[in-house]
Amino acid sequence: MSDQTLPNADIPERGATRPGAITRLLHKSEALRGASLLSPALLFLGVAILVPFGILVVMSFWTPAGFDFDTTFTLDNYREVMERPIYGALLERSLWISGIATVATVILCYPMAYYVAFHVHRNKMMWIVLMTLPFWTSYLLRVFAWKVVLGYEGVINSALMTAGLIEAPLEFLLYSQEAVIITLAHAWAAFAILPLYVSLEKIDRSLLEAATDLGDGPVMRFLRVTLPLSLPGVISASLLIFIPTTGDYITPALLGGPDGAMIGNLIQKQFGPINDWPMGATLSIVLMLLIASICALFILLILFIRKRIA
Amino acid sequence: MSSDSYIKRKNRPLQVYAVIFLIVLYVPVLFLPLFSFNDSLYVRFPLKGFTWQWYGELFEREPVWSALMNSIKIGAAVSVLSTAMGVFAAKAITRYRIPGRGPLVGFIMLPLVVPLIIFGVALLVLLSQLGVPLSLYTVALGHMIICLPFAVATLIPRFEGFDKSIEEASADLGENAWWTFWRVTLPMVLPGVIASLMLTFTVSFDEFILAFFLSGTQPTLPMYIWGQLRFPQEFPSILALASMIIAMSFIVVFIGMWINRGASFGAVKGDET
């Protein structure tokens, strides 16, 4: 990130006044000073992330017993996830829905990022702020807005009916997988635009000129120079959307209905109405493992493709 | 045709696409304020007439006010704490050669990517095993996890953007590390700090999932809205409340980004300030 500041990194400490033993040690060691500054954040995140995850893993080997847990180690939960079709179906559907949403978002956002990177010359910052601003506002309320738009008596249906184009409301708009996909793609757009923009902005313009001079037309120039060079942006955009949306709860809960329910809803149910916490923990772990392995495969695939092209 | 003209040439279809993209990005959200002024219990066209009724109703509701206060308390505490940690972390990341820096930064940014429901569930399990009762404190704890990466991400470009030699000069002139930080570093990164405070406050204020799992009897504002969504007759008031929250978020985030504009997004070219 700031590699240019590194080479002369140990100069400033020399001017300091006579320090105590610990301070002297800190002054001597770059890494130690850095680590001591970083430690509050790392310590907090370490405790707040790793410890709960550890407990979650442990709990996934337990079973519920009345209001308490039977803490004898068992793989029953994992066996149940493998055997009962409902879990597999929901997991598959979640991956499928967020996979489509990811592809749609990246494809739709690419031209936008391309436009700002290559064709906006003044007020670039303004465009970026405009594109990312909605992302900072409440996710819940943005999903709620889509419910208003897609609802049975919502914006689209009532507008079409007022205009006399349809007789009865279109029922497939709300409570469907399509509704979930549209909303996810819309809500996570900023996550795709930023990495895409950064990777496009970094491309050396003289490479494009070189391609033109060597006789490439606009299409070939894009396919052979711009697209391969922006591939890191495409990869990180895809991962940044795919990973969090797979476990999304709000969108399927508000817009999915029974057909659009995803694994997040089932996990919540295990901790709520069903009250089988160990199973909820197991599902969370399985979800994480699935996402991690799919992402690893995806990255390997991209690396493989890049090697073949280059 | 010179190659220069290709790069500078306007691309009309792309421009049209970009404008449509922005419209589609904003229009769904804009329906909330539109219908919040509609004089009808039903959210549908045709619009009936203009009214402030739904806004007026909100002001008389006790639960809205208490939920608002809960959200503000959590947001204020979380934004200050996460920004404070973020300043040190961002300084460490940009200034010092730390072994394994890449993975460490990745770890800090992890909460931005991992589904929040996982964090919610994991923290819930831990807290219940420890016997800690759910309260506003536990919600704040959860919000810290997602606000810290936002704070660090906002502050890193600020630290990268300023000239390290100024800090060195301060040290050469005899200031110790602490005073150098107070009198040189902090004023230099202040726009980033203010932006981080505003952005993390908004993130915490608007967050739902973690609050959903980690709150006890006192709801935050998003939790209150979630609870009201079940009742169709509450829809217009919720639209009014949602419109106000979104308007406030837009303003706060916009100001925050604008204050920090010189540093954001890896120093945007052609827009020097």
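Two residues are in contact if their C-beta atoms, placed from the backbone, lie within 7 Å. The structure treated here is a predicted model, in which local features need pLDDT of at least 70, side-chain atom pairs count only at pLDDT 80 or more, and totals for chains, interfaces and linings use all residues. Residues are numbered from 1 along each chain as its sequence is written, and chains are lettered from A and ligands numbered from 1 in the order in which they are written.

**Exercise 1. Describe the contacts and the secondary structure of chain B.**

Solution.

Step 1. Consider the contacts in chain B with a separation of 6 or more: 78% of them are accounted for by residues 24 or more positions apart.

Step 2. Identify the helices and strands, which are DSSP runs numbered from the N terminus (helices: H or I, at least four residues; strands: E, at least two). Chain B has 13 helices and 0 strands.

Step 3. Give the extent of the chain. The C-alpha trace of chain B spans about 70 × 65 × 30 Å along its principal axes.

Step 4. State how much is buried. A residue is buried if 20 or more other C-beta atoms lie within 10 Å of its own, exposed if 12 or fewer, and partly exposed in between, with C-beta atoms placed from the backbone. Of the 273 residues in chain B, 46% are buried.

**Exercise 2. Determine where the confidence of the model is low.**

Solution.

Step 1. Begin with the overall scores: the model has ipTM 0.87 and pTM 0.86.

Step 2. Turn to pLDDT, the predictor's confidence in each residue, from 0 to 100. Chain A averages a pLDDT of 86, and 90% of its residues score at least 70. Within chain A, the pLDDT is below 50 over residues 1-17, a stretch with 27 contacts beyond near neighbours in sequence.

Step 3. Repeat this for chain B, where the mean pLDDT is 86 and 92% of the residues reach 70 or more. Confidence in chain B is highest in helix 10 (residues 209-214), at a mean of 95, and lowest in helix 13 (residues 264-267), at 44. Over residues 264-273 of chain B, pLDDT stays under 50, and the model has 19 contacts beyond four places in sequence for them.

Step 4. Apply the general caution: where pLDDT is low, the predicted coordinates should not be read in detail.

**Exercise 3. Explain how helix 12 and helix 15 of chain A are arranged.**

Solution.

Step 1. Two packed helices are described by the angle between their axes and the distance between the axes. Axes are lines fitted to C-alpha atoms, for helices over the stretch in contact, and angles run from 0 to 180 degrees between N-to-C directions.

Step 2. The axes of helix 12 (residues 231-246) and helix 15 of chain A come within 11 Å and cross at roughly 165 degrees.

Step 3. Angles under 35 degrees count as roughly parallel, over 145 as roughly antiparallel, 65 to 115 as roughly perpendicular and the rest as oblique. Helix 12 and helix 15 of chain A are therefore roughly antiparallel to each other.

Step 4. List the residues that meet. Helix 12 of chain A contributes Leu231(A), Ile235(A), Leu239(A), Ile243(A) and Thr246(A), while helix 15 of chain A contributes Leu287(A), Ile291(A), Cys295(A), Ile299(A), Ile302(A) and Arg306(A).

**Exercise 4. Describe the covering of helix 14 of chain A and the loop after this helix.**

Solution.

Step 1. In helix 14 (residues 263-271) of chain A, 8 of the 9 residues are buried. Among them are Ile263(A), Leu266(A), Ile267(A) and Phe271(A).

Step 2. What covers these buried residues includes helix 4 (85-118), helix 13 (250-256) and helix 15 (277-309) of chain A, together with helix 6 (116-130) of chain B.

Step 3. Asn275(A) lies in the loop between helix 14 and helix 15 of chain A. Asn275(A) has a positive phi of about 55 degrees although it is not a glycine. Because it has 12 C-beta neighbours inside 10 Å, Asn275(A) counts as exposed.

**Exercise 5. Characterise the contact between the two chains.**

Solution.

Step 1. In total, 89 residues of chain B are in contact with 88 residues of chain A. Helix 2 (residues 12-36) of chain B gives the most to the side of chain B that touches chain A, with 13 residues.

Step 2. Examine one helix pair: the axes of helix 5 of chain A and helix 12 (residues 235-259) of chain B come within 9 Å and cross at roughly 130 degrees. These two helices are therefore oblique to each other.

Step 3. Name the residues of this contact: Val129(A), Leu133(A) and Trp136(A) of helix 5 of chain A, and Ser249(B), Phe250(B), Val253(B), Phe254(B) and Met257(B) of helix 12 of chain B.
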